[in-house]
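Student: I'm new to this one. Could you walk me through it?
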Amino acid sequence: MSIATDFREEELEALEQYRKGLTPAPLIYRATSSKVELKGRGVFQFVASEESEDRLGDVILTAGWQYDNFKKNPVFLYLHDQTFPPLGTVPEVEPMEKQLWTTVNFDMEDEFAAFIAGKYERRIMRAVSVGFKALEYEERLADRGGKKTSGILFKKAELVELSAVPVPAHPNALRRALGTRSHFWIPFA
């Protein structure tokens, strides 16, 4: 078994427990982001989610995103690590067509946040990841070059956080510049 397979099985088990009413909605992570624009020093726009199939065969419906609670504490994290101080804030979240657009303001007074912002400015990092609670979903079959695979259609999802990540789960998850869940962080000396 691979780590990805083990992780997927854990997700499916958590979703099944939620479906049965035995646990709260599980927190799911999906690295994504395409079409990103540099808007100014430390300010970026990211597509945080796109309504198309990711590498796991999953799709998150854009119309199903709930983000009112997120807007009360719109943090931008590093690698989904809630124990590490945020890199910045997400003052804007807006659905546009089949995408969820976000604006990220990096805390440029923080040395580590400025360091990560520089990675995005130089196109070394290009992806972000959504952390969300799966509120309503169903299994779906996907056809990948004649091979049937299963995935999940997330009909309703509550955005919990947005994170800077180096590797996206979504094939369209790259940054456009115009000008896994982890508890790992880099100490900045």
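Tutor: Sure! Contact here means heavy atoms within 4.5 Å. This is a predicted model, where local features need pLDDT of at least 70, side-chain atom pairs count only at pLDDT 80 or more, and totals for chains, interfaces and linings use all residues. Residues are numbered from 1 along each chain as its sequence is written, and side-chain values use heavy atoms, with hydrogens and water left out.

Student: Which strand holds Glu158?
Tutor: Helices (H or I, at least four residues) and strands (E, at least two) are DSSP runs, numbered from the N terminus. By that numbering, Glu158 belongs to residues 147-165, and that run is strand β10.

Student: Is Glu158 buried or exposed?
Tutor: Buried means under 20% relative accessible area, exposed over 50%, and partly exposed in between (1.4 Å probe, protein chains only). Glu158 has a relative accessible area of 18%, so Glu158 is buried.

Student: What does Glu158 touch, leaving out residues up to four places away in sequence?
Tutor: One of its contacts is Trp65, which lists Glu158 among its own contacts too. The full set for Glu158 is Trp65, Gln66, Asn69, Gly131, Phe132, Lys133 and Leu135.

Student: Which residue in β7 is the bridge partner of Val75?
Tutor: Two strands pair if DSSP finds at least two bridges between them. Strand β6 (residues 75-78) and strand β7 (residues 88-96) run antiparallel, joined by 2 bridges. In β6, Val75 and Leu77 are buried on one side, and Phe76 and Tyr78 on the other. The β7 partner of Val75 is Thr89.
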